[in-house]
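Please open the model in your viewer, with the sequence panel alongside, and follow the selections below in order. Each stop names what to pick and then says what is found there.

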Amino acid sequence: MPLFDIFDISGSALTAQSLRLNTTASNLANADSVTGDPEDTYRAREPVFSTVFDGARRGEAPGGVAVLGVVERERPLTMEYRPEHPMANEDGYVYRPNVDPVEEMANMISASRSFEANVEVLNTSKQMMLRTLSLGE
């Protein structure tokens, strides 16, 4: 594996964790939104990742993380009886998103720590390369 591939691998992981943080932030921002129609209600989203290492086995390209897409969670929406709410439907119900703020905060902490770990990999790799270059002096 070429020496600089570690930067590509960690870079793909940084991109993936950045998307994960943004998706989690979006979920938290919409956690308290309500609607009178289940079709219009926000649904929690989460990114789907895949490990890339096929090319690494053949020596063609580095491994890393691929973002396959962002999907909506299948968890059901919450119906709440609030007939006084202006968004309530004709039966007096409002629909709340399927976002669990505690789960989202745990996800955000995990993504943040993964991001930090990959930054540390990049910094350590850079330091090792600089020290290797200084060996000849």
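Begin at the surface by selecting Val48, Leu68 and Val71, which together form a nonpolar patch with about 240 Å² of accessible area. Keep in mind throughout that this is a predicted model. Within the patch, centre the view on Val48, which belongs to strand S1, the run of residues 45-52. Val48 is partly exposed, its relative accessible area being 30%.

Next, hide the side chains and display two helices, H1 (residues 5-29) and H3 (residues 101-134), which pack with their axes 9 Å apart and at an angle of about 160 degrees. That angle makes H1 roughly antiparallel to H3. If you turn the view so that one helix lies in front of the other, you will be looking at a left-handed crossing of H1 and H3.

While H1 is still displayed, select Asp8, which has its place in this helix and which, at 47% relative accessibility, counts as partly exposed. Add Pro62 to the selection: although Asp8 and Pro62 are 54 residues apart along the chain, their C-alpha atoms are separated by 6.9 Å.

Further along the tour of H1, pick Thr24, another position found in that helix. Is Thr24 buried or exposed? With a relative accessibility of 1%, Thr24 counts as buried. Two distances can be drawn from here, and the first leads to Thr41, which is 17 residues away along the chain and 17 Å away between C-alpha atoms. The second leads to Lys126, which is 102 residues from Thr24 in sequence and 30 Å from it in space, again C-alpha to C-alpha. Lys126 is found in helix H3, where it is partly exposed with a relative accessible area of 47%.

Now restore the side chains and turn to the charged pairs. Side chains of opposite charge can pair when their charged atoms come close. How many salt bridges does a search of the whole structure find? The search finds nine, and three of these stops follow.

Select Asp32 and Arg96 together, since they form a salt bridge in which the closest N and O atoms are 3.3 Å apart. Asp32 lies in the loop between H1 and S1, whereas Arg96 lies in strand S4 (residues 93-96), so the pair ties together parts that are 64 residues apart in sequence. Asp32 itself is exposed, with a relative accessible area of 63%.

Move on to Glu104 and Arg73, whose side chains meet in a salt bridge with an N to O distance of 2.6 Å. This pair, too, links distant parts of the chain, with Glu104 in helix H3 and Arg73 in the loop between strand S2 (64-72) and strand S3 (78-81), 31 residues apart. Are these two residues buried or exposed? Both Glu104 and Arg73 are buried.

The third pair to select is Arg82 with Glu84, a salt bridge whose closest N and O atoms are 3.9 Å apart. Arg82 is partly exposed, having a relative accessible area of 25%, while Glu84, at 60% relative accessibility, counts as exposed. Widen the selection to Asp32, Glu80, Arg82, Glu84 and Arg96, which are joined into one network by salt bridges that share partners. The Asp32 and Arg96 pair visited above is therefore worth keeping on screen here, as Asp32 in the loop between H1 and S1 and Arg96 in strand S4 tie together parts 64 residues apart in sequence.

For the last stop, select Pro83, which has its place in the loop between S3 and S4. Pro83 is partly exposed, with a relative accessible area of 46%. Draw a final distance from Pro83 to Gly136: the two are 53 residues apart in sequence, and their C-alpha atoms are 77 Å apart in space.

Notes: Residues numbered from 1 in each chain as written. Predicted model: local features only at pLDDT ≥ 70, side-chain atom pairs only at ≥ 80, totals over all residues. Heavy atoms only, no water. Patch = residues over 30% accessible without salt bridge, like charges linked within 9 Å, V, L, I, M, F, W, Y side chains within 5 Å. Areas by Shrake-Rupley, 256 points an atom, 1.4 Å probe, with all protein chains shown as cover. Salt bridge = Lys/Arg side-chain N within 4 Å of Asp/Glu carboxyl O. Helix = DSSP H or I, 4+ residues; strand = E, 2+ residues; numbered from the N terminus. Buried < 20%, exposed > 50% of the residue type's maximum accessible area, 1.4 Å probe, protein only. Axes fitted to C-alpha atoms, helices over the stretch in contact; angles between N-to-C directions. Parallel < 35°, antiparallel > 145°, perpendicular 65-115°, else oblique. Left-handed = near helix turned anticlockwise from the far one by under 90°.
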